[in-house]
Structures are given as C-alpha cells and as structure tokens.
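Colleague: Hey, got a minute? I'm new to this one and would like a quick tour.

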Amino acid sequence: MDEAATSQALLEVKGLKKHFPFKQGIFSRNAGVVRAVDGVDFTIQPGETFGIVGESGCGKSTTGQLILKLMEPTAGEIRFQGQNLTNVTGKQIRQVRRDMQMVFQDPYASLNPRLTVRNIVAESLKVHGLAKSDLDDQVEELLNVVGLGSHHLLRYPHEFSGGQRQRIGIARALALKPKLIICDEPVSALDVSIQAQILNLLKKLQKDFQLTYIFIAHGLPAVKHVSDRIGVMYLGKMVELASQEALFQHPHHPYTEALLSAIPVPDPTKRKERIVLQGELPNPADPPNGCHFHTRCPYAKAICREEEPVFKQIEKGHYTACHFPL
Amino acid sequence: MTTPLLEVKDLQVRFQTDAGMIPSVRDCSFTVNPGEIVAIVGESGCGKSVTSLSIMGLLPDYGQVAAGEIFFDDRDLLKLSKKERRKLRGNEIAMIFQEPMTSLNPVFTIGNQIGEVIRLHQGLDQTRTREKSIEMLNRVGIPHPERVIRQFPHQLSGGMRQRVMIAMALSCNPKLLIADEPTTALDVTIQAQILEMMKKLNQEQETGVILITHDLGVVAELADRVVVMYAGKVVEQSPVFELFANPKHPYTRGLLQSIPKMDERREELDSIVGLVPNPLQMPSGCAFHPRCPLASDRCRGESPALTTLSENHTVRCFHA
Amino acid sequence: MSVSVEQAEKGTTIEDTSQPIQTGRRWIRVLLKSKTGTIGLLIILSVVLVAIFADVIAPHNPVATKAADRLMPPMWIEGGTGDHPLGTDNLGRDVLSRIIYGSQISLLVGICSVVVAGAIGLVLGLLSGYFGGWIDRVIMRTVDSFLAIPNILLMLMVLAVMGPGLLTLILVLGVTNWVNYARVIRGEVLSIKERDFVRAAKSIGSSHTRIMGIHILPNILSSFIVISTLSVATTIIMEASLSFLGLGIQPPTVSWGGMLSDGRQYLATSWWVATFPGIAITITVLGIIFLGDWLRDMLDPRMKVNGR
Amino acid sequence: MKYFFKSLLQVIPVLFIISLIVFILVNVTGNPVDLMLPETATEEDRANLIQALGLDQPLHVQYFRFLKNAVQGDFGESFRYNQPALPIVLERLPATIELAVTSMIVATLLSIPLGILSAVKRNTFLDVLITGGAVLGKAMPNFWLGIMLILILSVTLKIFPVSGHGTFLHLVLPAITLGTGIAAEMTRLIRSSMLEILGQDYIRTARSKGLMEIIVVNKHALRNALIPVVTIMALQTSTLIGGTLITETVFSWPGMGQLLIQAVNTRDMALVQAAVFVIALFVILGNLLADLTYRYLDPRIKYN
Amino acid sequence: NSGGSGAVGNEKVLTIARGADMVSFDVHNHNNTSTEAIHVNMFNYLIKLDENQEPQPDLAESWEQKNDTTWEFKLKENVKFHNGDPFTAEDVKFSLERVAKDQSLLEHTSYKQIKEVKVIDDHTVEIITHNPDPVLLNRLSRLGSSMLPSKYIEEEGWDQFLKQPVGTGPYQFEEWIRDDRVVLKKYDDYFGEKPKWNQVVFRAIPEEATRVGELMTGGVDIVENTPPSDIERINGNEGTHVQEAPTQRVMMLVVRMSEGNVTADPKVREAIELAIDNQAITDNILQGAGTPTRTRVTPGTFGANPKLYDKYEYDPKKAKQLLKEAGFEKGLKLTLSATNGRYLKDKEIAEMIAAMLSEVGIQVKLDMLEWSKYNEKYQGKKFDELYMIGYGNSMFDGGYAFERLSPEVAKGETDYNNAEVEKLLEQAMENMDEKEREQQYQKVQELVAADRPHIYLHQVKGIYGVNDRINFNPRLDELIIADDIELK
Ligand SMILES: Nc1ncnc2c1ncn2[C@@H]1O[C@H](COP(=O)(O)OP(=O)(O)OP(=O)(O)O)[C@@H](O)[C@H]1O
Ligand SMILES: Nc1ncnc2c1ncn2[C@@H]1O[C@H](COP(=O)(O)OP(=O)(O)OP(=O)(O)O)[C@@H](O)[C@H]1O
Ligand SMILES: [Mg+2]
Ligand SMILES: [Mg+2]
Ligand code: NI
C-alpha cells in the first residue's frame, strides 16, 4: 500500500480508541464506558519530540500505554517502524518493546522498592538476554549516562531523592537502547530546581542516542521547551496538532488558546487579562454531544452542540478539530 | 505605617521522630499586612506548610515550636490557651489546603461541612446557616449551590472541592487566610479560575492572605510581597516587582532562571545544581552553600543573617 | 552561569547529602525504641529457646506419673515443694516440665500450620490477584465459601473425620487458615499490580512469572510476614479450643492447649494445673502480637513511625 | 434493592462450593453406620442399614441427590433424631443468633470507646493499658474465660446464673465470654483505623475550622474509622458463630453449638450439612448487612 | 423456662443435670442408658426388676411360663395412657413385635429372639420366642420394651408420637429442647402411686464445671457424672453432698491374643495385669469411685463370682520376671488405644496405665481417640494389642457379659478361643436351671480371668452430686426414677 509514506514515520497512530467499561456493584455488570481515548491520529518522525498536553483525565497516559501495548486498544491501528502492532502478542510484543520504553510520572511509584538500583536497571537486560558477563559494567555505564555513579549500584530506591530516582527510571528505559521513549509527565512530581536538571538531561540524551520522544505533560512551558511538535488533547480527542512554534504563536482551537492564556507568567509586570474558561472538564463517561468542548467554549455556536468537528489540516502540518478555527 | 496583621518572629519548629529530631523551620520571620497577599515560595520540604500550621496551631503533637513569636492582632498566639486558639481558627484565621481531594471529609455532605463552621463561630440557626452556606458557595462561583450542599465531596470535581474549601475558609470573614498551595493539584484552566476568584475575594474583603506555592508564575500573578524560604529559613523577602526584577539571593536567582519561559526557547535551561538538603543533615553555615555558585569559605563556616537592603527588601546572603 | 548536568555530577554536591542509615541497624534501633516490640521479641526468643532446650531445662519427665504426688500446689503455697516449682497435675506430673515441653508442640503446631496456610494462601492469592478473570472469581468464591463456614466448625468436622493427630491438626489448621492469606495477598497484589514499577516491568518485556516473582512477591512479603506472625498466635489459641472439644493434641504428647483444657476441671480445686499453661499461652500470644504489631509498623510503608 | 438482589445472586456459587466442601468432608468420613448400630450388631444389620441410607451408590450420584434435595431444603433425616434435619437446626438458630448478636453488641459497646480512647491518647499509659487488655482478651481461650466467669461471678459471688437460657441474666456471662475476644480484636482495629484517619487531611481541615477536639474525633474521625471496621466485623461473623460452639457448650446454651458438636461426633451428617448451610447463610447474611452498613457509612460507594 | 431456677424456684420441681441429652423418644431405636433413665419416668415395662434384680409386676400383673418358648402375661386393668387411651394387650403386641421384627431398629438385636406376641384377650398376651430364653424376663424389664400406645401411633403416626410422646408412666411429656432439656410433668391419672413431683427436668450440661456450678448454686438437684476431684468441694459446700453407688459398668483392657502379637504370650498378658495397680487408680484418679475387679460380672448381675470381685493383682516385680521369662528382658513395645471423655476419667486412667506399664519395661504408645473415631476403629476391629473400654450389662445377666468372647465376635478382636468356655456358654444360654446356669457362668469367669483376653480394671461407681433438700439413692442400673426421690 503506501509503504513509502509510512516507512519514514517511526510511529503512526490511526483512530486509536480505548474505552474502559466501568462496573457497578460486586456483581460487576458493565454500567457504561469511559471513553479515555476516543479517536486519536498522529505520526511521529524519527528523532523528533512529540509533546502531548491536556488536562487531567483527558487520556494522555492512556494513549502512551496503548502505544506500548500495556493495554489493548478498543479500536485503531498502531504502526511502529512500519509494523502493525494490532495483532502482535506474546513473545513478539516483548521484542517490539525493546525499541519502545517509558519513563513514568511518579518516580516514587515507578521503581520497585525491593530491588537495588543495579537490579532495576539490569532487569531489562536480563529479560532480553542482553546481560553480558560484565553486567555491572553495563549498568554502571548506563548510570553514568544519566549522571549517577557506580557507588549507587547497590542502593535501594528509597535512599534517593525524586530527581535521582527519575534518573534511575531514565537509565532503565535507556538500557535496551530503544528508539522511542514515552515520557509520561517525567517532571511533574519534581521540584522546580530539579525539573530543569531532568529536562536538560532528556534533551542531551536525545542528541547523544538519536532518541524519539513522546513527551506527555500538562505543564505547557515544559512541553514547549522540549517538543518539536505538540498535540493538544481534550476529553479523549486530539483537538489540535502543530509544530511548537505554530501552536504557541497562532493556536487555532479555542481550547488551546484558553490553555495558553491560563498559564501564569512568572513576571509580575506582565499581569494580564486572561481567558478564563467556565466550568469543569466534563465526565469522560458521559461526554457532551457535538464538539466535546462546546460546554466551555466562549465561541460555541449551535452547530458545535450537534455536530462533531473533524480533525483536519488547515495549514501545512497544522491540524485542528473545530468548526470555527481561530 | 499600618500595624501588621500577622508578625512571625524568629520561628523555629522541630519534629521529634524515630529517625531523630527534625528541625523543619529554623529561622522564619515575616509580616503580613491587612489586605495584603504575601507569597511564600520555596522547594518541597523547606518548611512552608509547617510555618502555616504553626500559625494555625495545628502542628501534630510530636512537633513543637521551639522558639519564636507569632503576633496576630497584637496577641502572641503562642501564649494563648488551647481554647482561645481554637476560637480563632476558622473564625479569624482560616486555611485552605493543597489537596482538595482529601481535605474534605468524604462521609459528610458539603452543606454539613460548611454549615458546621458557620454555626460554630456565628451561632446561626439551621435555616440561617443554610442560607449563609448557599451564599458562600455562590460567591466562590459554584453553580446550583442548593444542590451542591446536599452532595458529598466525591461527587464534585477537584476544582469544585477547592472552591468549597475556599467558601468554607471565607465563611466567617477571617482577617487572615492561609492558602497552602491551593492550586497545585489543579489543572491550569481550573487554576486560572481559582486564582481569579481569590484575587477578587481578596479585593472585596480586605483579607490578609498568605499564599504558599512553588509556582513562581502564580506568585507573579497574585502576590504583593514574596517570602523565599530555603531549608527552613527565610532567605529573601521583598515586594513582588522588586524580587522578579532584582533577585538578590543566589537561590532566588537560580529558581527564576530554571523555569522554562514561554516566550523564549533555549537549548538548555539554567538549573540549580545538587539536591535539596536533608533536614536531618543540614549543611554547615549557609544551608545553600553546597549548591551555590558564589559560595565562599565564609558561606561554609558561618550562617548569614537577614540583612536589609532597601526598605522592603531583606536577604540572607553574604554576597548580596 | 549555566551549569550543565555533567558539571553537576562532578561537583561534590550531588552526592547524597543524606547518608542513609543501614537498614539493619535502623531496625534494631527502632526496635529498641519500641518497648512493646522489644518485649515481644524477648518473649518469643525465650519461648523458642525453651522449646529447643526443653530436654536440658525441664526438671522432670513430662509424662512420668506419680500417684502419690498428685495435685501438689506450687512451691510458694503450703504443701508445695521446690521439686515441683509450679506444682503437679492430677496424675502427679510436674507442671513446669510439662509447660516447658508443651512449648515445643505449641510452637510446632503454630509455625507449621502457618507455613501450610501461608503456602496455599500465597500462591492462590497471587494468582487470583495477578491474573484476575475467572481464576480470580473461582478462587475468591472459594475463599468466600471458606469464610462462611466458621473455622472451628470446619476443623471440628475434619478432625472428627480423620481423627485428631499432630499432623492432621497442622494440616487442618493450615487448610482452614489459607483464606486469610489469600484474601489479604490478593488485595495487596491488586494494588501493587497497578503501580508504575509493574507497568515498567511489563514495558521492558518481563514475563508473567518474572513479574510475579521479582516485582510483586517481594513487595507483599511484609504483609505476609505480618499475617503469619499474628496467625501463629491465633493458631495457638485455636489449638486450645480444639483441645476443649477433645480434638486437640492427644496425650501423651504435651501441649499447652491440652494442659489448659484438661486442667479446667481443677480450676476450682487446684487452680495451678490450668493457670500456668494459661499464663504460658497468654504471654506467648502477647509476645507474638507485640512483635507482629511492631513488624507491621516497620514493614508497612503507609504506617509512618512517628512520635515517641 | 437491585444491589441486594445482585448480592443474593452472588451467594449462589458460594453456596455451591460450600455444598462441595461439605459433601467431600462428609464422604471422607467413611460411613455413619457403625455409629448408629449397637455394639452387638451383625454384618447383616450393617448391610441393611447401608442400603437403607443409599450409601452404596457411586459418589457423584450421592452428591447430585444431595444437591437436589438441599436446594429444596431437604438435608435428609437426622440419624439421631429420626427427623428431618433442617427444622431441628432452625429450631435452634434463634438462641444462637440471640447469643451472637448480644455478643456483637457487647463487643461493639466495649471496643468503640476503648479503641477511640487509646487512639486519641496514643502512647499514654491509658493506651498501653487498653492495648494490653485487648491482647489479653485475645489470648484467653473462650472456654477458659467462661469457666472462670462461672466460678467467680456465679458460684462464688452468686450474681449470675451458672447456665441455661431465658432471662436477661442468663445472657450476661455467655455474651461477655464470646464478646471479649471479638471486642479485643475490634479494639485493636478501631485503634489503628482511628490512628490512620486522624492523620488524614480532612481531620486537619476540621481542626482548622476551630472545631472542638471531641467533635473532630467523634464526628469526623469516627465515622470514617468505622468503615474498615464494619468490613472486619462482617468477617468476624464467622468467628462469632464459631465461638458460639464453645461458649454454648460451656454455658449449656440451647443453641446450635451442642447440637452441632454432637452431630459431628456421632456423624449425624444430615444434621451437620443442614447446620453448616444455615450457618453459612447466616454468615453471608451478616456480610450483606455489613455491606449495607458500609454503604450507609461510606457515601462514595453509592455513587459508583 | 428459666434455667437455674429448678430447685430454688419451685419446691415441687426436680431438676437433674447430666452430661448429654437423651437420644430419642423412639424407645426401640436407641441403645443409650441415659435416655432410658428419662423414659422410665414416662413409660412402663411389663416387668420391673427390684433392688435385688428380682422381677416384679409393672404393667403385667402376673406371668407364667407355659413351655420352653411360651410365656403368658396377665396385664393390669385400668391403666391409661397419657392421652386417655386404655392400655391393652394390643399395645403389648404392637410394642414388642415392632422391635422384634424391624431390623433397622437399634434395639432389634436384643429382641429378635421374640417370635410372636399373641393377644389372648384384652388383658392377656402370650410371648413366644424362637428358642428357649432364660433371660426373657430381663429383656422385658429393660430398654426397648417400654409399652407404647398402639392406637395413638397408628392414628397419628410416628412423627407425631416422637413430637408428643405418650406413655403410661407417672410423668408425661411437656417439652424437649434438644441438647438442652427434657421437661416432664406429673400425670394425675397414673395407675400406681401418685407422682411426687409436679415437674421433672432433665438438663444436658456437657461441661463438668458448669454442671457442678449449677449444683452448688442450687440450680439443679442432682448432677450425674460428677468429676471425682469435685467430691470434696461439693461435700464442703453448704446444701450439697455427693452420693456414690456402684454400676454394672466394668472398665477393662481388651487384649489381642492372636499369633504375631506380643500379647499372644500368656506371660506377657499376666505381666500386664500384674503391672497395673488398680487400687492406685481407683484411689487417686477416681477418688474411690471404683472397685477393682477381675471379672465383668459384678454383684447384682446374675452369675456374679464373688471370688473375683474387689480383687486385683499387682506385683511389678513378678511382672518383670514374667517378661524376662517371655524373652522381653529388654522391654517391649505395644499400643494401647483408649477413649477420651467417654468414661469416667478414661484419659487419665489410660495415661496412668501407660506410665505403670512403662515401669515394668513395657513401652506403651498411647492412642487416644475421641469416641466416634474410637467407635469406628472398634466396629472395624482395627485396634492393635490393647484397647480400653467399659462395658455395661443392661440385661443383668452373666451371659450378656461374654458375648464378645464367643469365637465369631472375638475374631479380629481378642481372637479368644477356648473350647471349654464356649461349651459352658452354649449350655448356659438355653439352660433354664438357674442354679446350674449360675455355676456355669462363674466357672467361665474363672477361666477368662486366667486366660486374660480381657484384663479387667475396675467396676465404675456412679458419682452423683445431690442437693441436701432431697433423698436420693442411686441405682445399680443408673436409672433415675423420679418417684424414688423425695423431698426431705
Ligand atoms: N484502568 C482504567 N480503568 C478505567 N478507567 C481508566 C483506567 N485508566 C484510566 N481511566 C480513565 O480514563 C481517563 C483518561 O485517563 P488517563 O490516565 O489517560 O488521563 P491523563 O490524561 O493521563 O490524566 P493525568 O494528567 O491525570 O495523568 C480518565 O477518566 C480515567 O479515569
Ligand atoms: N508530620 C511531620 N513529621 C515529621 N517531619 C515533618 C512533618 N511535617 C513536616 N516535617 C518536616 O518538616 C520539613 C518541612 O516540611 P513542610 O511540610 O513544611 O514542607 P513544605 O515546604 O510545605 O513542602 P511542600 O512544598 O512539599 O509542601 C520537612 O523536611 C519535613 O521532613
Ligand atoms: Mg496521566
Ligand atoms: Mg507543604
Ligand atoms: Ni549561566
């Protein structure tokens, strides 16, 4: 088919959906579904950083886990390096995961408290039979890469600070020399002064190892800092996708506009009138009809309530799903 | 000059734990004037919450104020009886906490929880309490307050719960409101709503506010004055414009430079090296010296005192 | 003055400002701080030592009867002698020696049955929690069924059928108690399963066995140890109850439960026959519970050890 | 109501498994014939009896017959009483429930205040006293406590009747005996649950409102602390009923205890089966009740 | 129905506490003496035995043996069942033929000798046996031969009878709460002497301490199976005392004699008997509530041999000597099975015997079993060298005592087979000459005592705790007949 087009893309996501049935009572009748991810498309080129932003619960993490096949998608297609992952299972999926890794949000929960740093990092090598006789050297090298030393090898996670733990998590992800790393809010749990250290480290590693990142965050400044292209999600859907510059300079979706406006600027001289959205994020189990955003949209018209806008390109490389793009 | 509403002087707080004595606040002094928003910033664990809990008188029983004075309306809070302090709480001094998800009691209705404080301090009857609760919820921008007062916390979103907390805190027209990271757990769009609302309420009610946060953006948006804390000590204090324009303490400077800016994009951020010190093993001298690019031998051996630079700007650094 | 990552690492400052106290030593320090924990440990240590060295310590043969010496009171009461410090029972056997030997059986029954229960419960709980689905449903319904039949009734039925004996007793206590483990461990597994480090393990391609063995098992071990400790206490009491129903350890084997149960006929006339084994049980259970509580405080990351 | 119905549905597989457990247990027993026959019976007598009882058929046939009958409430005839087993058991159920419920009340009345007190006064002498007492209560086997109570309060002080059933006074000693162990367990639980709750954010909120400590504890903390306790209490129903077996024996309480012990000892399996089912149902019912309480206490459940 | 108020609450209520409940009101379908102890107050036999075990009229006025297998009984007139039905010959036929013919009944084995009951007229019946039966009168005066209301049962059915039993006795049924109590109330139309009590309550209190507690607080008038250790306490307590009386129950060790067992050697068996100090057991464990014996036929039972009663052989030295002779110098090992809680102090006695045997060099492996498990082994004849058991004799006849030594029964049990004993027993079985029969039995006892298939320990005494307000004389047959008991 169009082999040529896709062969360039590292990752291609088409119509990705994940609906969680939620259950009621002990007897567990399915009472409905949470549309955590409800039709998301994007492609990622090798070497780029793709940022995903959106409010809590909009489906960012779910998207990340779907790509890694940590859960089965309800619908949609994921192609990684040209290989369709839809029906890949068992052994094969483990093979695929060698090239895709994840860095988690909470450095406190993502490291097994009962394993030493050495074992945490070595685990992936052992699982894939990559452990050589000089396993300790391999691990040490990885630790050095993320800025930790060999004297940390035999310590347990609780003996480290959050920033250090996040480094361990990154070392673990790097161990298999993956092509793609999904960073699920890697700095949200860290102190401001430490965030910068980690962001710098991630950027450096990308250069050194030709990594591709999916960078999930709800802090826009951090996303902007690292990403080449950014997708904005709202209630399980991608509402805007553009290059970093385009998105920040000229957002087309009202939600993106509001999001940008809502960020407090750390400069008291620039206090400004902001667009304050009314209302809360609707319940993903019961999303509004039409455009999901219409309940909070300052520009909503009748059609927004009825018809769901399609996600389409309106400038080169700039996509949005809005009836009345700005 | 107005007399300050709150004056914290040389506050020291310690915790007695199995791991040993933790000196969590070591030297903290600042003032809050009526109607003023004072922001306290600093990294996790630097003692922001402990300071505010000391003002409230809500330290756990194994934590104690080891030294210092807290004047509120010319009374030294630390000398008041438990009962007198209790009567101030919720009435003249109120507090909003960081975690809206866990700060409301899950088993009581919103109405019950707001009404409780109104009845307690204002002695209103049931119907008046209800009316007042609804009025308060209205003021913090909650739609359908009549319905909300019959709901339980889990039925509300995080932003709504934080509004309820604010309504509760403001329901007795406190003179001082302590907001401990009121928006950290919220999404940006919701944070914007809450911040707008707080600003408005502060202007209407002339309430003195202590705003604790580590988001300098929030500080820049809201605060009149900023207190920067590091490792249990106040390291810099100044009006907000002055601080952002002219930070004196190397820590403050590092902090300001390490946040990614929206309007510029650099390959690499400036970051403060090293880690926040462990309260059990405080570095000698200036607690910041291991991370400070300016550190000298003096910094390692001697702890700097708070020096006044200009009328409203104090800093704790030998190099400032 | 931008400082790169490398510089940061080279600087001395990234070195942990905190030198973590060695886990082992911290435990001992905390143990000594907790009075009840220390007491518990001391009690259990002494009971274990007494059990191991019963042959050496016991002044008399625990089953040697002597009609003439029957129901002698403890030495501090008129009529007692130093030869039988805690008096004798209705067959003239030395109460102290019997208590000393009884500790062997009580501990044996307690520990072995807990091992049996723990093994079954651990495996089933792990499978149930990890795999979920029909495995979980079958196991949990079985657990519910066992929970709906009172333990003692189940034991009564089995023991009446198979006849009381040491091995049967251990097995029965084990088989009836596994549900507690299965329930708690399943719960733990369910919560640990959702933790990011398990996701991380999956994302690096670990197999199910590896995830269960390396990532989940070590993390439920602490709850496992805590339930086990407390189960030993329950078991010792349960053995006494079974003795009351005539289904406990059978003579001539000496057990505390058996002594307590036999001695109950003499509570009004010769109180010491039942009282001393009762005290032995109480103290041991006390010790175990103290130790268990302390272990729980130590092992449960949610229970922060605060205060004095 | 819908929920209740669903829960009832869920009881079915449980009862099914129970029937299997019971059937297996009963059929490893060998057969009850030996116990029913006099010491002088002949082989022929035995064979006749075995046939009369249907014990010569293959196991699965016996099981399905058993299951079919059990569903209709027919557990067979009690060998000892020559009467259908179920009515005999049901006749005894009220006395057992009376004892169990009273003991539960005693346990609750004892453990809630004690648990709260020791949590609030954590690490004080009072706390040590209460926790120590709780451990003691747990360590005392029921039968021993029962006999001691009889010796002291009945025989020596003559305050309560020794045994039997009928007046309120008769209920006191057995209820204390049975309730003590449960109370001990619950006190410990309430204490730790309370300690956990007292560290929660919303307790800090309550205090920040200036509420009196007593209201903070008894209103805000207690209600939450009871939520896990209710679950544990439900789990204790089974222990409680198990405890009646022994307590009833000691106090000669005319509940199911003696009936059941005698039935097991004489291999009166029809009676045992009926009793186990009735008890299991009662325990399950107790759990459902606890579940409802749980729902009442914790509004979060209703919503989802 | 308050529990402890029997004696204190009401003068005319007699309360008796026992270890276990009665079994059933189906008089034919139980084999339990303590159940009979209740039934005797509600039902009557045709004949009752007096203190000397002599037959006396009960429902039968007179009787006469027509030939070897036929007996004629004249019945009392004007006897009425509790429901008002008159007692007639039909009832006799109904009652006896049921137990004689229905094989599923537990008492059937003791009544299958009866071939037929013939109704001659309303108040005359003939009982015909298959073979000559010298103990028929004993049979008719014991459990299983209570007279039942045929009309009531035929009309209302057995279930109704079991729910609301009806007899001819001085007390009628009021209520039965299983495993708790049986309550009887006085029957005013009783044909004999007026009942002495308004109500008789039999309570089941399994726990000894509770039972004794009830007695001491005045909750009950009589407690059965009082633990010997409480005798002093009860006597010391104001208002209560202990009464002891012999029963026909004899504790014994049953010995496996077949080849391959160490006990096949008569010297070993003798050594075992010599090693056991029966007096020490009765004195210390039973506190005097037992009499050593070397026979199972104790005074009061037909055929008792006084030479073997209140005797025991204890000589550990000789026991060791015998073992040496038998080639067991280095000692030997054997297993002793015993019940736990079935007989008075059985567990202690077994433990004591084990200890005594070990003193002469016999290492005993004690196999303590709870009754039902024990019974299973017993029925399956699965014991090893020794087991301890206590046999009663409800027939009060020597013949009954040796049933278990007949070769068929003894097979796999004792494997006892002594031609002389067998011959004597066979003869005695159908011997209608009392004198000769008695001698035959006495001879058997001597032979058995020498062979030691059973090693007898002691005759058990009943220990009763009694409230001082009543006069109570315990009976040899362990029955409690309310009207024999009176207020002081
Ligand atoms: N395992 C699950 N079962 C049921 N619902 C789930 C599950 N995981 C996520 N969800 C739901 O799916 C929606 C999206 O969740 P997701 O974790 O992807 O959000 P997110 O964008 O990562 O949010 P956050 O910023 O809070 O991490 C939420 O409403 C969540 O409740
Ligand atoms: N309950 C407590 N027990 C022991 N130590 C405590 C307790 N509360 C606070 N501390 C210690 O006091 C110090 C200051 O804590 P505090 O909560 O005030 O920090 P913070 O500035 O509010 O941090 P954050 O931004 O994370 O809320 C910390 O180092 C902490 O270890
Ligand atoms: Mg997420
Ligand atoms: Mg804080
Ligand atoms: Ni620089």
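Modeller: Sure, let's begin with one term: rings of Phe, Tyr and Trp, with the six-membered ring used for Trp, count as a pair if their centres lie within 6.5 Å. Keep in mind that this is a predicted model.

Colleague: Okay, so which residues do ring pairs link into a cluster?

Modeller: Look in chain C: Trp76(C), Trp271(C), Trp272(C) and Phe276(C) are joined into a cluster by ring pairs.

Colleague: And how many aromatic pairs are there over all chains?

Modeller: The structure has 32 of them over all chains. Take Tyr230(B) and Tyr251(B): their ring centres are 4.6 Å apart and the planes are at 50°, so this pair is tilted.

Colleague: Where do those two sit in the chain?

Modeller: Tyr230(B) belongs to strand S9 of chain B, residues 225-230, and Tyr251(B) to helix H10 of chain B, residues 250-258. They are 21 residues apart, so to speak a link between distant parts of the chain.

Colleague: Are Tyr230(B) and Tyr251(B) buried or exposed?

Modeller: Both Tyr230(B) and Tyr251(B) are buried. For another geometry, go to chain E: the rings of Phe81(E) and Phe87(E) have centres 6.0 Å apart and planes at 75°, so that pair is edge-to-face. Phe81(E) and Phe87(E) are buried too.

Colleague: Why does 75° make it edge-to-face?

Modeller: Because planes over 60 degrees apart count as edge-to-face.

Colleague: Got it. What about charges over rings, say for Phe318(B)?

Modeller: There, Arg298(B) lies over the ring face, 3.7 Å from the ring centre. One case involves two chains: the charged end of Lys219(D) sits over the ring of Phe108(B), at 5.1 Å from the centre.

Colleague: Switching topic to the ligands. Which residues are closest to ligand 1?

Modeller: Ser56(A), Gly57(A), Lys60(A), Ser61(A) and Thr62(A) are the closest, out of 14 residues that surround ligand 1.

Colleague: What polar atoms does the protein put by its oxygens?

Modeller: In the side chain of Ser56(A), an N or O atom is 2.6 Å from an oxygen atom of ligand 1. The backbone joins in as well: a polar backbone atom of Gly57(A) is 2.7 Å from a ligand 1 oxygen, and one of Cys58(A) is 3.3 Å from a ligand 1 oxygen. On its own, ligand 1 has 640 Å² of accessible area, and the protein covers 65% of that.

Colleague: Which element gives the largest share of the shell around ligand 1?

Modeller: That's H2(A), with 3 residues. Strand S2 (29-44) and helix H2 (60-67) of chain A each bring at least two. By class, the ligand 1 shell has 5 nonpolar, 6 polar and 3 charged residues.

Colleague: And ligand 2, how many residues surround it?

Modeller: 16 residues, the closest being Ser24(B), Ser44(B), Gly45(B), Ser49(B) and Val50(B). Side chains supply polar atoms here: Ser49(B) has an N or O atom 2.5 Å from an oxygen of ligand 2, Glu181(B) has one at 2.9 Å from a ligand 2 oxygen, and a polar side-chain atom of Ser24(B) lies 3.4 Å from a ligand 2 oxygen. Ligand 2 taken alone exposes 630 Å², of which the protein buries 74%.

Colleague: Which element leads the shell around ligand 2?

Modeller: H1(B) has the largest share, with 3 residues. At least two residues each come from strand S1 (6-17), strand S2 (20-32) and helix H1 (48-56) of chain B.

Conventions. Residues are numbered from 1 along each chain as its sequence is written. Chains are lettered from A and ligands numbered from 1 in the order in which they are written. This is a predicted model: local features need pLDDT of at least 70, side-chain atom pairs count only at pLDDT 80 or more; totals for chains, interfaces and linings use all residues. Side-chain values use heavy atoms; hydrogens and water are left out. A residue is near a molecule or strand if one of its heavy atoms lies within 4 Å of it. A polar contact is a pair of N or O atoms within 3.5 Å; within protein, one must be able to donate a hydrogen and the other to accept it, and residues adjacent in sequence count only if both atoms are side-chain atoms. Accessible areas come from the Shrake-Rupley method with a 1.4 Å probe; for residues, only the protein chains shown count as cover. Helices (H or I, at least four residues) and strands (E, at least two) are DSSP runs, numbered from the N terminus. Ala, Val, Leu, Ile, Met, Phe, Trp, Tyr, Cys and Pro count as nonpolar, Asp, Glu, Lys and Arg as charged, and the others, Gly among them, as polar. Rings of Phe, Tyr and Trp (its six-membered ring) pair if their centres lie within 6.5 Å; planes under 30 degrees apart count as stacked, over 60 as edge-to-face and the rest as tilted. Buried means under 20% relative accessible area, exposed over 50%, partly exposed in between (1.4 Å probe, protein chains only). A charge sits over a ring if NZ of Lys or CZ of Arg is within 6 Å of the ring centre and within 35 degrees of the ring normal.
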